[in-house]
Amino acid sequence: MDSAAVDRFEAGRGRLASIAYRMLGSAADAEDAVQDTFLRWQTADRERIEVPEAWLTKVLTNRCLDRLRSAHTRHEHPAGAWLPEPLLEGDPMLGPADTFEQRESVSLAVLTLLERLSPVERAVYVLREAFSYSHAEIAGILDITESASQQHIHRARTRVAAERRRGGVQADPASARRVVEEFLAAAVSGRTDRLVALLTDDVTAVSDGAGLAKRLLRVTTRERVASFARAGFRPTPAKRRLAGGTPSIHLAVVNGAPAVLAVVDGRVVGAVAFAVSDGRIASLHGIATTDRLTRLNEAWRKHEPEAPVIEAW
């Protein structure tokens, strides 16, 4: 393949990776889908491709749909059994963040919610909300009618809007960080009453149990989430053994949201991302499964973090 064709593909690699990540919720799977698309590009009759960007998007999207359908058929990732892979702020795979819809589409809360949609609904939502494709363009990519595309986006938006109403008005980054700092201090000190006050009435907490549970751990109601957080943030010898040492605790931004990271010898061993709205925490997503933290760790090693908020946890 000539260098011009390679350059043309590389110019769009970032956009393709961002689409694939939103559709699959996994950086590793997204990279595989992009590589599969590149292999198709290598063998294609490129002289017959009128609009390379559209052709590449169609190939990539359908490769992602194949993966989603195959995983569903094999029950590899039943809904409610896993969380999306978190990405550190600045990761190019997060893609565009100019609009509210683009930022929302990559949040862990929405990526988790999209897992409950059909593969086609998920594809339409990603292409329309995050990348502003028209319904005519989406119809061509997915080989459906424009009317079907409009129906799919309506159903997807309804589901996401329900989650947005539950969460309330999103806080600005500085305010969200202050709320998370206060929450962390209350959790570590065991101040349950203060924890409860920092949570919305319909708060939810979701954890992957560090990969030790077959299904996600889900907790609702303010009192139960406060108790769950207090127990989760309480340091114990068993947790240190599981982490491989004594973690330091850092504040960071993950998928556009404030997060708490546990770090041992420069390696992130756990992440908790928060959705903050109306001055309180609407949801928590805890991820400690090793293979879900691979890309975040790669970024963390190149990152210059702030001083830890807790030196030795």
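Contact is taken here to mean heavy atoms within 4.5 Å, and it is in this sense that helix α13 (residues 294-302) lies across β3, β4 and β5 of the predicted model, running at about 100° to β5.

**Confidence.** The mean pLDDT of the protein is 91, with 93% of its residues at 70 or more. Among the elements, helix α8 (residues 146-167) has the lowest mean pLDDT, 85, whereas β3 has the highest, 97.

**The sheet.** Six strands form an open sheet in the order β2-β1-β6-β5-β4-β3, and their pairing is mixed. Because β2 (217-220) and β3 (248-254) stand at the edges with a single partner strand each, one side of each is left without a neighbour in the sheet. On average, and with direction ignored, neighbouring strands are turned by 20° against each other. Helix α9 (residues 173-189) also packs on this sheet, where it touches β1 (199-207), β3, β4 (257-264), β5 and β6, and its direction makes about 120° with that of β5.

**Strand β6 and its partners.** Seven of the eight residues of β6 are buried, so this strand is largely enclosed by the rest of the structure. The pairings of β6 with β5 (residues 267-277) and with β1 are set out below.

| Partner of β6 | Sense | Bridges |
|---|---|---|
| β5 | antiparallel | seven bridges |
| β1 | parallel | five bridges |

On the β5 side, Val276 stands opposite Ile281 in β6, and Ala275 has Ser283 as its bridge partner, while Ser207 stands opposite Gly286 in β6. The hairpin of β5 and β6 has two residues between the strands, and within this hairpin Asp278 takes a positive phi near 50°.

Methods. Residues are numbered from 1 along each chain as its sequence is written. This is a predicted model: local features need pLDDT of at least 70, side-chain atom pairs count only at pLDDT 80 or more; totals for chains, interfaces and linings use all residues. Side-chain values use heavy atoms; hydrogens and water are left out. Two strands pair if DSSP finds at least two bridges between them. Helices (H or I, at least four residues) and strands (E, at least two) are DSSP runs, numbered from the N terminus. Axes are lines fitted to C-alpha atoms, for helices over the stretch in contact, and angles run from 0 to 180 degrees between N-to-C directions. pLDDT is the predictor's confidence in each residue, from 0 to 100. Buried means under 20% relative accessible area, exposed over 50%, partly exposed in between (1.4 Å probe, protein chains only).
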